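Got your viewer open and a selection box ready? Load the model below and we'll walk through it stop by stop.

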Amino acid sequence: MPLRVTFLGTAGAVPTTNRNPSGIHVAREGEELLFDAGEGIQRQMMRFGTGFSISHLFVTHLHGDHVLGIPGLLQTMDFNDREEPLAVHTPHGTRRQLKGLVNALGNRPSFPVRINEVGDGDVAYRADEYEIRAFGTDHDTRSVGYALVEDDRKGRFDREHAEELGVPVGPKFSKLHNGEPVELEDGTVVDPEQVVGEPRPGRSLVYTGDTRPTVATIEAADEPDLLIHDATFAEDRADRAAKTAHSTAQQAAEIATRAGAKRLALMHISSRYAGHTGDHLAEARDVFDGEVFVPEDGDLVELEYTDAK
C-alpha cells in the first residue's frame, strides 16, 4: 500500500527557473490528493506524471503562490471532460475568495466543486483508513496546515501459536485477527489477544504551508513519518522570517525535533537563495537528528510503515 509524496512546487513567493510555487501531490492506494496549487500547477502535474485525478484539494491559505494555479487546473480538468466532483478545503472565512478563483474564467466548471471551510482541529476529510486534520498556523492571513494520519493497523497474527492452540487453518484465523474469540471442537475458547499482537501504527505526514513556528504543528501528529515545514529563510534572515510570518530552516528543525518527526522536508525556499540551500541544510542538521532534505521540484518520497522489513 504505497503512500507517495511528489513535490510539484517548492519555491517561496517568487518562482525561479528551477522551482515552481507551492504544490504537493499525495497518492495513497489509488486515491490522489493535492495540497496547495501555485501557478502552473497543472503543467507540473503533467511534467512529473501525477495526472489530474485528484479527489480533494487542501488549501493552506489564499496567497497567490498557493492558489493561482486553481483556475488553470480546473480549466484543464474541464478540457479533459472530467465528471467526478472535486472537494476543495480552505481556511474559515475564505470561501468567498475561493469561489471567486473557481469561477475566475467566467464559467463554472462542468463538474461539481464543493468548497469546505476548515479550522484548527477540524477533520477536513475522513476516509476508510485515514483522516486529514486541519491545524492552526501562524501566517499573516487566515491559514491552516494539514496532517494526514492513518488509522492503527491490526496487530500481527501469530499463525504458529494459533495452530499450537488447536485452531484449524481457515475462517477461524480471520475471526481471531478481526478481534473475535473462537470456540474449538472440544469447547475451548481462544481469545484474540492470545494470537494477535498489539495494534501497529499507520503512517502520517504533516504539511504546514507558510507559518511561523507553532505548537499546533508539534501536536498535529504523533511522531510523523514526514514533516513538510516552511523554511523560507536561513538564519541570516531570521528577522525577515519573523516579520513576514515565515520560518527559518533551524526553526523548522526545532519543531521537527519536538514533534519526534522521522524526516523533515524544508519547503518554500526564498528565491534569494537561488540554488544554494547548503546553509538551510547545515542549520537544520545542527538541531535535527533525523533525515532532513530540501526537495527539488519533481522529487518523490515514499513513506513506509515503521515495521516494514
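Which residue just after α3 takes a positive phi of about 60°? Select aspartate 81: it sits just after α3 and has that positive phi of about 60°. Most residues other than glycine have a negative phi, and most peptide bonds are trans.

Some housekeeping before the next click. This is a predicted model, in which local features need pLDDT of at least 70 and side-chain atom pairs count only at pLDDT 80 or more, while totals for chains, interfaces and linings use all residues. Residues are numbered from 1 along each chain as its sequence is written, and side-chain values use heavy atoms, with hydrogens and water left out.

**Stop 1: helix α3**

Step back from Asp81 and select residues 70-79, which make up α3. Helices here are DSSP runs of H or I with at least four residues, strands are runs of E with at least two, and both are numbered from the N terminus. The buried residues of α3 are Ile70, Pro71, Leu73, Leu74, Thr76 and Met77. (Buried means under 20% relative accessible area, exposed over 50%, and partly exposed in between, using a 1.4 Å probe and protein chains only.) Now show what those residues pack against: β3 (31-35), α1 (41-47), β4 (54-58), α2, β5 (86-91) and α4 (95-102).

**Stop 2: the annotated site**

Next, select Asp65, His66, Asp210 and His268, which an unreviewed UniProt entry annotates as "binding site". The entry also lists Asp65 under "active site". UniProt positions follow the numbering used here, feature names are shortened, and annotations may be inferred rather than shown by experiment. The four span 204 residues in sequence, yet no two of their C-alpha atoms are more than 10.5 Å apart, so they gather at one spot. His66, Asp210 and His268 from this set also help line the largest cavity. (A cavity is a set of points on a 1 Å grid over the protein atoms alone where a 1.4 Å probe fits but cannot get out; lining residues have an atom within 4 Å of a point.)

Zoom in on Asp65, in helix α2 (residues 64-67). Is Asp65 buried or exposed? It counts as buried, because its relative accessibility is 8%. Its contacts (heavy atoms within 4.5 Å) beyond four places in sequence include Gly12, Pro21, Glu39, Asp210 and His268.

Then swing over to His268, in the loop between β14 (263-267) and α10 (278-285). This histidine is buried too, at 4% relative accessibility. Residues that His268 touches include Thr10, Asp65, His66, Asp230 and His246, again not counting those up to four places away in sequence. Draw a distance between the side chains of His268 and Asp210: they make a polar contact at 3.2 Å. (That is a pair of N or O atoms within 3.5 Å; within protein, one must be able to donate a hydrogen and the other to accept it, and residues adjacent in sequence count only if both atoms are side-chain atoms.)

**Stop 3: the greasy bits**

In soluble globular proteins, nonpolar side chains tend to be buried together. For an example, select Val206, Leu227, Leu264, Leu266 and Phe288, which have the most contacts inside the largest nonpolar core, a set of 28 residues. (A nonpolar core is a set of buried Ala, Val, Leu, Ile, Met, Phe, Trp, Tyr and Cys residues joined through side-chain atoms within 4.5 Å.) β9 (144-150), α9 (249-259), β14 and α10 each supply at least two of its residues, and α9 gives the largest share, with 6. Center on Leu264 and you'll find that its contacts include Leu227, Ala252, Phe288 and Phe293. A second, separate core has 27 residues, including Leu3, Val144, Leu205 and Tyr207.

**Stop 4: two more positive phi angles**

Select Glu223, in the loop between α7 (215-219) and β13 (226-230). Its phi is positive, about 50°, although it is not a glycine, and it is partly exposed at 45% relative accessible area. Now try Ala245, in the loop between α8 (238-243) and α9. Its phi is also positive, about 65°, but Ala245 is buried, with a relative accessible area of 0%.

**Last stop: zoom out**

Color domain 1 (3-153 + 201-303) and domain 2 (159-194), with bounds from an automatic or database domain assignment. Their C-alpha centres lie 45 Å apart.

Definitions and conventions: 1 Å grid on protein atoms, 1.4 Å probe; cavity = no way out; pocket = protein on both sides within 12 Å on 5 of 7 lines; lining within 4 Å.
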